[in-house]
Amino acid sequence: MTEDFKDTLFLPQTEFPMRGELPKREPQILAQWQEMDLYKTLTENAAEREKFILHDGPPFANGDLHTGHALNKILKDVVLRTRFALGFNAPYVPGWDCHGLPIEWKVEEKYRAPGSNVRKDDIPPVEFRRECREFASKWVDVHLTDFQRLGVIGDWKNPYLSMNYESEALIAAEIHKFLMNGMLYRGIRPILWSVVEKTALAAAEVEYHEHTSTTIYVAFPITNATHLELNDTSVVIWTTTPWTMPGNRAIALGAEIEYGLYEVTETAEGSMLPVGRKFLLGNALAESVLAHAKVTGFNKLKDYKGSELAGIICAHPLAALHEYYRFDVPLLTGDFVTTDTGTGFVHIAPGHGEDDYRLGRANNITVPETVDGDGTYFPQVGLFAGLDVYDSTGKEGKATGAIIGKLVEAGALVAKGKLRHQYPHSWRSKAPLIFRTTAQWFIPMDGKGDLRSTAMQAIDDTQWIPAEGKNRISAMVKDRPDWCISRQRLWGVPIAIFVNKATREPLRDHHVNNRIVETFKAESADAWYARDAQYFLGDDYRAEDYEQIMDIVDVWFESGSTHAFVLEQREDQQWPADLYLEGSDQHRGWFQSSLLESCGTRGRAPYQAVMTHGFVVDKDGKKMSKSANNGLAPADIIQQFGADILRLWVLNSDYHEDVRISQDAFKAQSDIYRRYRNTLRYVLGNLEGFTAAERVDLKAEYAQIPELEKWVLHRAYAINEKIQKLVREYKFQEALKTVFDFCNEDLSAFYFDIRKDRLYCDRPDMFERRVTRSVLEALLGALTSWLAPFIPFTAEEAWAARPVSDFLGEMKTVHLRQYPEFPDVWQNLQVESDWETLRNIRRVVTGAIEIERAEKRLGSSLEAHPFLYLNNPIEQKLCETVDWAELAITSQFTLLHGEADGVAFTLDDVPDAAVVVQKATGEKCQRSWKILTEVGQDPEFPALSLRDADAVRYYRKQERAA
């Protein structure tokens, strides 16, 4: 009966299981981190190191997390964990934006609900603000739990909130800085306005969606022509916003555009134009306009250059119907006029458009106020008083139809139609917006403070990752209008200032400002609504002489001020931040508001570098939404796959672009994860029982260690250097791929495969086996350090499963470790070069064996006896330095010089090597499965090779001694 020697093999043993079961194990590890207060331990351990500050951009505290939140927070966590590993102190203070329309809108829902007996306007401001505060607080608590479940470490016990009393006070103080340096003014100009939400919106709160607009061509009769032939002629404009016609005060033309005088000679049925009617039109657009008007015949009477027509006076097309419209409408040159669409003439309503406003202001044209905050025309607007542009739900109101009807009555409508185009909508209510002239508070981009120039210089001084971000934000800042910072809402920090009723000048008094700020610190910004104005004004001013401004500040101003109440106020932070990291949409949001706020008050950006990532989209590249049912929530992903898989998906994506998400994507990441896990398991299993006494000093005894181990150490050294370089440059995808390739190609498919025989079968006291185990020790330390920032739960689990030994220190968590510092002797470029050659030759050997196995002439490679023929003296000499049977995982091997006789296996890219494979001769060792002629020579263990017989004797002796 053949003896079973399995119990004498040193097979891998570890408590680190093959299956990750991450949804089950990760919460247990997270509980351990919380119990030990990992963040506090980590920052205290790094207290004396150089700081690296990533300032957290605050998400809104108003709903469940989506995958975009997970993408953002995971990237931030990896940045900070890698900085700790690089030897920095990288404290992380998470934050939330707790004010503003997203939260107020949610709280208002119960008052907007059908059947509600109470409206928001009936609620006292302080009471309503309390509801908003409670709502935001609830979602902060939810987010706190969910972000930690992602494996994100930070000061979760002490986050920053924009609604904290101290935060609200310091936001007010930042407003006062602009007040005191003369960079805050109240002006009347058109801004994007939500009729549904009854407030101005910032650019970052605006989305563009497909929208169908009614289009009209309208004739303005010329009343004072500079050319006689233009008497009894009209100028035709085209607009996609008929409701702006009551606000028309001018017409713009292009000075260099070619125009023509056209006469109608024939019309089709349904045309609203009589034969003989004459119009001025841009020549490039005339045929299109006349076709829309169902004109089938026309004559062009004369050509004009735009500059020749400037100064002509028209009448408003509704002047004959109501005295409100009896004013001159001049033709003015504007550099924004094109011949892409329309008529070549642009209807100018200074109260309803930025270009319109600028042109009107440049020509001293009064800006009329026509539309109230609820979307209805003011009482003074002739013919249309009280009609709505959009109703309270965002649907088109009665104004457009009424205006078109009156234009028809006046004989001014040339044609009408529909246009499907991108139109601005509120990102919250999803309702279309209007441009509306209101009195608002602004910070100037030019003039006093020269904010634009300061900001442009700060952009140049900042590192942008990726570099294209610089061009994007530069274009936005270069052309942006003055910053409108006022909002007509309740939940936020008020623009806590006073305006003299007689002079209309803001009150600039440090004592008043300080009283406001200190009161906010003690009582919150609610005090602005709870206390009377005289309290803040003190004894030096009379409340009846001053207007107390009740607008709140733009939420982007608030978030743009976070650097002031986080970076500058907290002892664990410093100003400016090393990095801001958010989605690419924040070039027009938080990056820009932080830039402008800081440049206006401190003369530079609050950050050294800015990194952006893309959006999460579905597998077809479409934006995810509840209505489309194409979203995957982070909680669901974690429940099915685990947080480490979600982190791998983020890090293996091209996250600077939009990232596609699907079930298949996570299944693919699970396959990748298994390679990391199997690598760690192999190392841990083969280190079972490892002690300091067994260790070989891989630095001091480097010269004596085998060449293969020298190669592995060189690869570990090179990869350690590469990973540190890549993470410094925020190239996490490339860094993670570097670890994966090392695990997959260098270790699992090569080194581990070769060294299985030594680890399983050699005597444990042999120097060569001790070297291999010592190398595995170094690899375990390296792999856990490299992987800890990326898959922190798994790295922690592997760390906890390490052998009971002092070989990796007594740190209770892997996350206290820095990247390894390997001895320079491990860097061996000659070994790298030699093993590149050897591995190429080995491909010829293994290729030849695989053919024999495929043809069923061999089973395993241990049945093979390859004959390697080398025709290169240098390669011959090199190959003589290694054990080729060990390297090729065969029982026998013969190395020959010269060319092979007969048919041999070759590879084109390894021209000097050829292999012939024969079957190994001898008997199979019943322990190592090698086929050797020496099997049977040991009288005590005739079924074993000499090496295995010696190992079994050693094992039995040790067993008896125990």
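Strands E4 and E5 form a hairpin with four residues between them, and Lys198 in the turn of this hairpin has a positive phi of about 55°. The model in which this hairpin appears is a predicted one. The two strands, E4 and E5 (residues 199-200), run antiparallel and are joined by two bridges. One pairing can be picked out by eye: Trp193 has Ala200 in E5 as its bridge partner.

Strand E4 also has a second neighbour to consider. Strand E16 (residues 434-443) runs antiparallel to E4, and nine bridges join the two. Within this pairing, Arg189 has Thr438 of E16 as its bridge partner. Strand E4, which covers residues 185-194, is mostly covered, with seven of its 10 residues counted as buried. As general background for anyone following these strands on screen, side chains in a regular strand alternate between the two faces of the sheet.

A separate point of interest is an open sheet of four strands, paired in the parallel sense and ordered E1-E23-E24-E17. Strand E1 (54-55) and E17 stand at the edges of this sheet with a single partner strand each, so one side of each is left without a neighbour in the sheet. The partner of E17 is worth a look: strand E24 (residues 607-613) pairs with E17 in the parallel sense over three bridges. Here Ile465 stands opposite Met611 in E24.

Ile465 leads on to the backbone geometry. The peptide bond from Ile465 to Pro466 is cis, with omega near -5°. Pro466 itself lies in the loop that connects strand E17 (463-465) with helix H12 (468-479). Another cis peptide bond runs from Trp575 to Pro576, again with omega near -5°. Pro576 is placed in the loop between helix H17 (562-567) and strand E23 (577-583), and E23 is one of the strands of the open sheet described above.

Positive phi values also turn up outside the hairpin. Tyr730 is not a glycine, yet has a positive phi of about 60°. This tyrosine sits in the loop between helix H22 (707-728) and helix H23 (732-761). Is Tyr730 buried or exposed? With a relative accessibility of 6%, Tyr730 counts as buried, the cut-off for that class being under 20%. Trp929, likewise a residue other than glycine, has a positive phi near 70°. The loop between strand E31 (923-924) and strand E32 (931-932) holds Trp929. The relative accessible area of Trp929 is 46%, and this residue is partly exposed.

Stepping back to the whole chain, the secondary structure comes to 29 helices and 32 strands. The radius of gyration is 38 Å, well over the 30 Å that the globule rule gives for 962 residues, so the chain is more spread out than a compact globule. The C-alpha trace spans about 125 × 75 × 50 Å along its principal axes. Even so, 58% of the 962 residues count as buried. Among contacts between residues at least 6 apart in sequence, 77% join residues at least 24 apart.

The surface and the charges complete the picture. The chain exposes about 40400 Å², and carbon and sulfur atoms supply 48% of that area. There are 110 positive and 141 negative charges in the chain, and their mean positions are 3 Å apart.

Note on methods
Residues numbered from 1 in each chain as written. Predicted model: local features only at pLDDT ≥ 70, side-chain atom pairs only at ≥ 80, totals over all residues. Heavy atoms only, no water. Rg over C-alpha atoms; globule rule 2.2 N^0.38 Å. Buried < 20%, exposed > 50% of the residue type's maximum accessible area, 1.4 Å probe, protein only. Contact = heavy atoms within 4.5 Å. Areas by Shrake-Rupley, 256 points an atom, 1.4 Å probe, with all protein chains shown as cover. Lys, Arg positive; Asp, Glu negative; His and termini not counted. Charge placed at Lys NZ, Arg CZ, Asp CG, Glu CD. Pairing = 2+ DSSP bridges.
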